Amino acid sequence: MRNKLDKLWSLLFLAVPVYCVWIFVVAPQYGWWFPEDVSAKGFELDKLFMMILTITGIAFVITQAILVYVVFVYSGRVRGHKAQFIHTHHGIEVGGAVLVSVILLIVALVQIGDWEKRKYWNDENQAALAAENAVTIGVEARQFEWRITYPGKDGQLGTPDDIRGVNKLHIPNDRPVLIKLTSTDVLHSFFLPNFRVKQDAVPGMEINVWFQAKGDRAGHWDLVCAELCGWGHYKMKGVVVVHPTTPSIELAGQAALLEAAVITHTEALAELNETSSDLDSGDDAAAQRQKLEQDRAAALKNLTAAKQDLALTETNLRLGVDKTWETWLEDAWAAQEATTLE
Amino acid sequence: MTHRRGRLTFLLCISIVALSSCGLTVQPALVVYPVSEEFGLANASKITEPQQVISTAEFPEVWKAQIQAALQMYFGSPDVPFVLGSGEEFPTQTLRTGRDLFREHCVHCHGLYGDGDGPTAPFLNPRPRDFRNGKFKFKSTPVGKKPTQEDIARVIRIGAHGTMMPSFDLPWEMDVEALAAYVQLLAMRGELEGFLIMYCHEELDLEEPDEGMDPDDVSENFDTIQSFWEDAEDAVVKVGATETLTGKDLEESIAHGKKLFGDTAKGNCVSCHGVKGDGEGPDKDNYTDAWGEPLKPRNLTLGLFRGGDRPVDIYLRIAAGIDGSPMPGYAGTMTSDEIWDVVRFVRHLRYTQATDEDKESGSH
């Protein structure tokens, strides 16, 4: 009896790794995985992550399997006989150290290129700067906001034609962006989940961050602080606004269509709600009721989706996502140089 | 046996924890606005003349209760805010939204009653604004007038660069207008409190505490405060028309602005802001603000303009003055063109220091 109970315990040990692996397998399905990648080169970091996850995953499965096997087979055997304890075994120690070092070395070598692309003036970045294709933007983190500076026509930061903003980082799509990251007070962390960018802002240092938005995406995504920086850390939240290359997006028209859709869906739902009270208790009442519930669920889903789309479109409209980056900069410059109260 | 005892101890511990946490949740409800212990209603003043502060410590309980009752009658309570008789201007839902936003984002600095004494306040320099004397610095109306709600909303949106007031510019997540309305309510409430304390101090006799305040006088005070705020929209300073200058015109304008900046008969900005505009003028240590804190003139070379750095913002600071500070309005002393010249000079200052340093480092 005792013996069997011990075996049961080993199965409990087995449940932990099985549960962990299962979570990873189903995670993408439930949206527990990465946020949408809207950057041109974020997939490289995702690949790096997957590589490390695979290595650690395999190691995890092997060690757990051995653990569970040993506990299962040897539990409850031969009472009064202690397990043997090996103090030193050079072979195992050296083997383990070499194996881990080799794996770490592989990871280190594989990531060099990605690191360089994001932090340093490698050839590709230099070429982009020389060809005036890259955009330089100053981001100054402070408790508790992001102060953003765009160079004016001269392309230089710190000159009278700078354009200043706060919390909203506007970038063009399909062009490399170089962020000059500084902090005026404490450590902050410049985190763009959708661009796979996360970099600490350190007072007294100017740190380069390179990234690029995908060519076909315009819209707005989160900019957050990922380093606990004080009481207002929660509100160091901004947005990255990606502007299209050509002003082809008809956001105003889209918003009007979505508004109409919301009205239609609301009416449809109201009609279905009225029908439900009219249903009599005939033979097929149950079937009718079931169908009605299905229709109503579908209508509600449509309405919610339309409302979400509308809110998103309205925010995009407010942020000027339908303009090109150049047009937006001109507008921002005009607003900054305002000599009248609207 | 030992097992059972262990289990009993465990249960006992659990129940003690549960009971004590129940006790913690029963907190006194925040029903009414308290009466401040002391109240200063002075303006910005010379540092040698400390502002007059009225202490309510000696007030009889009857007066305090009356003040509290009056505040409750006109403005409700922190939980149920309203402005008596202004349901249209201050809809209930707007005030509730504003109240919730204020409690979420503002309360830890500005305090629950808007007295600028939240938990983080002692650590900040400058101190968070105390709304109780109804003075706001960065607005489009002259010194002595109230800001418009739009002015308050703008400060919430852009923050006050150079202070601990950050930008709250995520309009799709937060109804800034509602928040501004609630801030106005807090300011009106604070000012009424101040007026009533002043009234008790001056009109009532400590020897006869039971006489108390005359309700008509109270309502008169409330009406006065309300009319102050109603006048704000009409008091907005007229901004003189100008053009955006470039090249030589700009240089000339900046040079003229510099002259006016130093002219003791015109701007006389140098007396406080110094010849370089770095806030090192001869009068720099002579003033306190309306909240009783020593106030240094702004260093204009840093490019940190608390009320915003658009030309029109700086125009307003110069033309209308800054309420609660010794900065006067110059609308009467200078023409709008002259003010615009000073604006261009002041906006240019942030680049002068950099270029001087560049020149120095270049010559080495």
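The following paragraphs describe chain A of a predicted model, its contact with chain B, and several residues with notable local geometry.

The secondary structure of chain A consists of 7 helices and 10 strands. The overall dimensions of the chain were examined next: the C-alpha trace of chain A spans about 90 × 75 × 35 Å along its principal axes, and its radius of gyration is 29 Å, whereas a compact globule of 342 residues would have a value near 20 Å. Of the 342 residues in chain A, 36% are buried, and the chain exposes about 20500 Å², with carbon and sulfur atoms supplying 63% of that area. When contacts in chain A between residues at least 6 apart in sequence are considered, 69% of them join residues that are at least 24 apart. Chain A carries 31 positive and 42 negative charges, and the mean positions of these two sets lie 12 Å apart.

The contact between the two chains involves 29 residues from chain A and 32 residues from chain B. The area buried between chain A and chain B amounts to about 2700 Å², and carbon and sulfur atoms give 56% of it. On the side of chain A, the residues that lose the most area to chain B are Trp231(A), Thr339(A) and Leu341(A), which together account for 24% of what that side buries.

Within chain A, Glu124(A) belongs to helix α4, which covers residues 123-130. Is this residue, Glu124(A), buried or partly exposed? Because its relative accessible area is 39%, Glu124(A) is classed as partly exposed, the category that lies between the limit of under 20% for buried residues and that of over 50% for exposed ones. When residues up to four places away in sequence are not counted, Glu124(A) touches Lys41(A) and Lys117(A). A further relation in space links Glu124(A) with Pro176(A), since the two are 52 residues apart in sequence while their C-alpha atoms are 9.9 Å apart.

The backbone of chain A was then inspected for positive phi angles in residues other than glycine, and two such cases are described here. Glu132(A), which is not a glycine, has a positive phi of about 55 degrees, and its place is in the loop between α4 and β1 of chain A. The relative accessibility of Glu132(A) is 66%, and therefore this residue counts as exposed. Asp174(A), likewise a residue other than glycine, has a positive phi near 65 degrees and is found in the loop between β4 (168-172) and β5 (176-183) of chain A. With a relative accessible area of 44%, Asp174(A) is partly exposed.

Cis peptide bonds complete this account of the backbone, with one example described from each chain. In chain A, a cis peptide bond joins Gln143(A) and Phe144(A), with omega at about 0 degrees, and Phe144(A) lies in the loop between β1 (135-142) and β2 (145-150). In chain B, the peptide bond from Asn125(B) to Pro126(B) is cis, with omega near 0 degrees, and Pro126(B) has its place in the loop between α3 (92-110) and α4 (149-158) of that chain.

Technical notes. Residues are numbered from 1 along each chain as its sequence is written. Chains are lettered from A and ligands numbered from 1 in the order in which they are written. This is a predicted model: local features need pLDDT of at least 70, side-chain atom pairs count only at pLDDT 80 or more; totals for chains, interfaces and linings use all residues. Side-chain values use heavy atoms; hydrogens and water are left out. Helices (H or I, at least four residues) and strands (E, at least two) are DSSP runs, numbered from the N terminus. The radius of gyration is taken over C-alpha atoms; the globule rule is 2.2 Å times the number of residues to the power 0.38. Buried means under 20% relative accessible area, exposed over 50%, partly exposed in between (1.4 Å probe, protein chains only). Contact means heavy atoms within 4.5 Å. Accessible areas come from the Shrake-Rupley method with a 1.4 Å probe; for residues, only the protein chains shown count as cover. Lys and Arg count as positive and Asp and Glu as negative; His and the chain ends are not counted. The place of a charge is taken as NZ of Lys, CZ of Arg, CG of Asp or CD of Glu. Buried area is the accessible area (1.4 Å probe) that two parts lose on being put together, summed over both.
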